[in-house]
Amino acid sequence: MSSKRRASARGRGTGLKIYGTLVFIFLYFPMVIVLLFSFSPTRTIVGLSGLTLKWYQELFQDPGLLAAFWHTVMVGLCAVAIATVFGTAGAFFVTRVEFPGKGVFRALVMLPFLLPGIIMGLTLLIFFRNLNVRLSMFTILMGHVSFTTPLVMFQVSSRLLRMGPTYRWAAMDLGANPVQTFWHVTLPMIRTALIGAGLLAFTVSFDEIVISYFLTGTWMTLPVYIYGMMRFGLSPKVYAISTIILILSLVLITFMARYTGRSAETYRARKPDG
Amino acid sequence: MKADNAIDLVNVTKKFDEVTAVSEFTVAIKKGEFFSLLGPSGCGKTTTLRMIAGLEVPTEGQILLEGGDVSSTPAYRRNVNTVFQDYALFPHMTVRKNIYFPLKMKKISLSAAQPRVKRVLRLVNMEGFGNRLPQQLSGGQRQRIALARSLVAEPAALLLDEPLGALDFKLRVAMQKVLKDIQRNIGITFIYVTHDQSEAMTMSDRIAVMKDGLAHQIATPDEIYNNPSTAFVASFIGDMNFVHGTVLDNDGKTCVLDVEGKKVTAKRAVDLNNGAAALVCIRTERVQVNSPRSVENRISAELSRIVYRGTDYEATCRIGRAELRAVVQAVAWDAALRVGDTVELAWNAEDVIVFPREEEKDVIKYSVEAV
Amino acid sequence: MKRRISRPGEFIKGIPIAVWLLALVAIPLLFTFIMSFYSSSGLVIDRTLTLKNYKLFFTDSLYARILFKSIRLALAISVLSIAAAFPLAYMVSFKVRRGRNLLFMLCIIPLWVSYLVRIIAWRTILGNRGVINSALMAMGLIKEPLTFFLYNQFAIAITLTYICIPFVFIPVYTALEKIPRNLLDAANDLGANELRTLFNVILPLGLPGLITGFIFSFIIALGDYIIPLQLGGTQGIMFGNLVWSQFGFAFNWPLGAALGFILFIIAVTILGLTSKFGSTEGGFLGE
């Protein structure tokens, strides 16, 4: 009886593995397409007539694109900086202070990250127009700050909760005032969370199109610029820049994985063993 | 003189909204004393310790440190240090940096601090571990580093919050000796929180036994064991029999009670009137079985259960509706005894402790229903 | 430690985040809400308060129809995403021993590949000169490119499902990982085969994660406007397009504000459902 059970389990196992593999192929096939097209001199993949770097060269000769790239980097760095300050302050507030309705407060802060970008885009657009603020880098930056701050706050508050209050108590007990406690004990212990959150926020900001498209004037970020390129059909340059973004994202994720992985190890060793 | 005492608690009360965690706790802890706070979880012992450390502020009352009022002084300005239950060693610092931390907060340079750090490492037998990280240490090692870190600044008192709780049995017993030796060698005041009564009894000069925020008794281990002031203390320490009795004749020095129709004599001052309902208590190891020695109280009973425990036997006996347990050393046990036999139980009159029947609800019970 | 309200002095720590919340969330929402009661004629916005926009939404069947269409499509997309992501999560969580972390990362990576790149990829695959058509024509199966792949709801569905699968994978995988393995041993010991264990143990325990994943996918699909714009054509006008166009060609900001606010209410209500029925662990709402 048990061998029959094992056989049927194995059978279902392989069926599942096939299905899983199909889903995997479905997930990665489109990206491979983009990659291939970026090196193909013609529009179609049929008849792969050799590889070319022509499209990549054209990228570097497009001043609008290069400018958009640097704009995106700038917005990313500024947004991450601002989000880190506000998000970390928010994380400390939410983990250290108790008040009724705290759950609602946290939910409100998470809204820009959870809601569809169109809602955040239009609310901010109306907001800026009402204050007569022109659409520019500033408005795009504010848009990016709106969805990166909750990210930072979530990551940092998770780490603070995992850390627990004991280290702070120990520091104060041993003579450190609140400022010294923050600087010598708390901050080093959340450092990896900050870096991880920063990388994550930068990645999200780099790719952001939905809100940015609402808040853009003539000053464009890369996704907005690419989107503009797409409206006139898909020139192969689009594939080239897409591949570059693909590779950049992969690099950023590997960095992030290293940071979140390592930090998990370090602070898992909180429980004293026998 | 208050200044001779290491710590004074004067009517200290701590309320969290409507919950009273500690109620009017008053005690004078002497310099160099090993003082324990003992009780079940939720009794307020840790809250009391945190108030002494400065991590909680008392709702009412005062806390004096070497005569000076520190009730509102924050923790980082009080000259007491704490060893926490999970040690709280800073994971991003080496052992040496951890120990140096309190001296660094006192603005002492690393070079000036080195000899003190070395000395305290030697004290806990952890020399050579200076460059390790806490994650690389075992539980017992972390515990010793936590101890070293709290001692290096030479505080007026050391507070320990169940420091041995996470260690397994043999290690715990070994560490108890280490802690006691260190305390005696340095002569520093220890305030020790635990729920383990044998731990408190072995190590302490005095113990405060607490329940629900109240200190039931503050006395030496000997006093607490032989003259518990409440039924709770009697039940929390050691192994105690509790049976119902009625006061027959109380002349202030001796008290005769009726237990299931038999007479029991207690040779101590009992504050109950004739006819009052009482709780009669005898330590299980003081109950002798079929002993030839002449002793004031002798009652026959029926053996209902025999449990062999290695070093001793626990014999449960019935007298009417009451149950008495006797613990007899294995070497003195009569191997011929069987369940159902009638035996004669005997004990001294000094060993009988009497409480009012109302205190029965405070008694710690070990039964399936209690769980 | 006990949960009680902190001393007033502590609330200073909350000032930065409160300022942020006011400036970037509360006040913009308020302005939007107010604007939804204005009306527009031509390029001028008339500031007299009116319920015109909401009336339009509730009476003109066009808006309700499109919203209904979008909801239906979003539901379909969510179902597809779960159908794809759940077996994947199940496989990685229960069937894979070694290399599980790597496999998990591989399932997550598509999330970090640019949203735009993924749209570009599908336009390429589905288009008239795209991968599918080129391959079919090269194999001689068809003479003319098939047009039903692109510029309709099908294209939107497949692209959005593609986007949503990783979003669904994460909460489902997290929930499955939380199921104690000894429960499976216990079920096995008590006589349940794999299918029965799946239905009686794994699905009920993993349900909060499934609900969270479903809701995330639904919200993403409902609020998207870029994919319908790029791949939907005239057949694939979704509610998101409708809202967006009020700020673009149609230039009726008050109406856009009203429609946007309606979408906001829908989204918030649904997100509220997550915290009630979904898994809040590893989720973003609640503690």
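## Exercises on a predicted model

Chain A has 11 helices and 0 strands. Helices (H or I, at least four residues) and strands (E, at least two) are DSSP runs, numbered from the N terminus. This is a predicted model: local features need pLDDT of at least 70, side-chain atom pairs count only at pLDDT 80 or more, and totals for chains, interfaces and linings use all residues. Residues are numbered from 1 along each chain as its sequence is written, while chains are lettered from A and ligands numbered from 1 in the order in which they are written.

**Exercise 1.** Describe the make-up of chain A.

*Solution.*
1. Read the elements in sequence order: the pattern is α-α-α-α-α-α-α-α-α-α-α.
2. Check burial. A residue is buried with 20 or more other C-beta atoms within 10 Å of its own, exposed with 12 or fewer, and partly exposed in between; C-beta atoms are placed from the backbone. Of the 274 residues in chain A, 44% are buried.
3. Check contacts (C-beta atoms, placed from the backbone, within 7 Å). Take those in chain A between residues at least 6 apart in sequence: 77% join residues at least 24 apart.

**Exercise 2.** Place Glu66(B) and state its exposure.

*Solution.*
1. Note the backbone: Glu66(B) is not a glycine, yet its phi is positive, about 50°.
2. Recall the background: most residues other than glycine have a negative phi.
3. Locate Glu66(B): the loop between strand E4 (60-65) and strand E5 (68-69) of chain B.
4. Count neighbours: 17 other C-beta atoms lie within 10 Å, so Glu66(B) is partly exposed.

**Exercise 3.** Is Lys107(B) buried or exposed?

*Solution.*
1. Find Lys107(B) in the loop between helix H2 (95-105) and helix H3 (110-123) of chain B.
2. Read phi: about 65°, positive, although Lys107(B) is not a glycine.
3. Count neighbours: Lys107(B) has 8 other C-beta atoms within 10 Å, so it is exposed.

Definitions and conventions: Contact = placed C-beta atoms within 7 Å.
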